[in-house]
Amino acid sequence: MEARYEELSLDTQGDGEILDVTAHAHKALANAGFSDGLCTVFVAHSTCGMTMIECEPGCNADLNRILEEIAPQDAAWKHNELNADSNGHSHARAALIGPSVTIPFANGELMLGTWQKIVCVDFDDRPRSRRVVIQLLG
């Protein structure tokens with residue numbers, strides 16, 4: 001088994017912006033030339049998450065709505081109080097979603113469902129530049 005990885009930088013607007021990174025994972029797999037294995041897509045930030053969803057405006061809005069219900073932006077966050085910050089909700093939401101997804105691949109193709117997309121969700125309350133790592137084992 002061999003490992004390869006690629007990195008990319010995403011400029012985000014925050015506030016629940018959802019960016020489809022599926023094409024980047026496909027490209028990394030093609031560049032590696034592997035046939036069978038695992039692809040992990042990881043975002044290296046504590047106010048950003050990586051997940052899979054049908055990436056369309058309705059699902060995107062639903063995801064952000066449910067996360068606002070679970071971790072409201074205007075709640076009293078200890079992080080904000082202790083650090084003179086305003087993004088406590090962003091850290092909580094990112095922790096709920098998690099920083100990575102792993103997708104198996106076979107015959108050089110990611111084994112995604114018809115509507116599944118790999119998405120990076122930026123929960124911060126300001127624009128950021130995000131580092132995404134795609135690691136392949138094959």
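On one side of helix α1, in this predicted model, the residues A23, K27 and A30 are exposed. The helix spans residues 22–32, and T22, A25, A28, L29 and A32 within α1 are buried. Viewed down the axis of α1, these buried residues fall within an arc of 125°, so they line one face of the helix. The general geometry of helices accounts for such a pattern: an α-helix has 3.6 residues a turn, so residues three or four places apart point the same way. After α1 comes G33, which has a positive phi, near 75°.

A second helix, α2, covers residues 57–70 and contains N60. N60 has a relative accessibility of 15% and therefore counts as buried, since the cut-off for burial is under 20% relative accessible area. When its neighbours within four places in sequence are left aside, N60 is in contact with I18, I53, E54 and C55.

Two of these contact partners lead to the strands. I18 stands opposite V121 in strand β7, and strand β2 (residues 17–20) is joined to β7 by four bridges, the two strands running antiparallel. I53 belongs to strand β4, which comprises residues 48–53 and pairs with β7 in the antiparallel sense over six bridges. Within that pairing, T51 of β4 stands opposite V119 in β7. Strand β7 thus has antiparallel pairings with β2 and with β4. Of the six residues of β7 (residues 117–122), five are buried, so the strand is largely enclosed by the rest of the structure.

Charged side chains provide a further set of links. As a general matter, side chains of opposite charge can pair when their charged atoms come close. The structure holds 10 salt bridges. In one of them, the side chains of E7 and R131 meet at 3.4 Å, N to O. Because E7 lies in strand β1 (residues 3–12) and R131 in strand β8 (residues 128–137), this pair ties together parts that are 124 residues apart in sequence. Both partners are partly exposed: E7 has a relative accessibility of 44%, and R131 has a relative accessible area of 39%.

Helix α2 also takes part in a salt bridge, in which the side chains of E68 and R93 meet at 2.3 Å, N to O. E68 lies in α2 and R93 in helix α4 (residues 88–97), so the pair ties together parts that are 25 residues apart in sequence. Here the two partners fall into separate classes of exposure. E68 is partly exposed, with a relative accessible area of 31%, whereas R93 is buried, with a value of 7%.

A third salt bridge brings together the side chains of R130 and D124 at 3.9 Å, N to O. Both R130 and D124 are buried. The bridge is part of a wider arrangement, in which salt bridges that share partners join D122, D124, R128 and R130 into one network.

The surface, finally, carries a nonpolar patch formed by M1, L38 and L137, which together have about 330 Å² of accessible area. One of these residues, L38, is found in strand β3 (residues 37–43). L38 is partly exposed, with a relative accessible area of 40%; it therefore meets the requirement of over 30% that applies to members of a patch.

Methods. Residues are numbered from 1 along each chain as its sequence is written. This is a predicted model: local features need pLDDT of at least 70, side-chain atom pairs count only at pLDDT 80 or more; totals for chains, interfaces and linings use all residues. Side-chain values use heavy atoms; hydrogens and water are left out. Patches are made of residues with over 30% relative accessible area and no salt bridge: like charges are joined within 9 Å, nonpolar side chains (Val, Leu, Ile, Met, Phe, Trp, Tyr) within 5 Å. Accessible areas come from the Shrake-Rupley method with a 1.4 Å probe; for residues, only the protein chains shown count as cover. A salt bridge is a side-chain nitrogen of Lys or Arg within 4 Å of a carboxyl oxygen of Asp or Glu. Buried means under 20% relative accessible area, exposed over 50%, partly exposed in between (1.4 Å probe, protein chains only). The arc is that of the directions from the helix axis to the C-beta atoms. Contact means heavy atoms within 4.5 Å. Two strands pair if DSSP finds at least two bridges between them.
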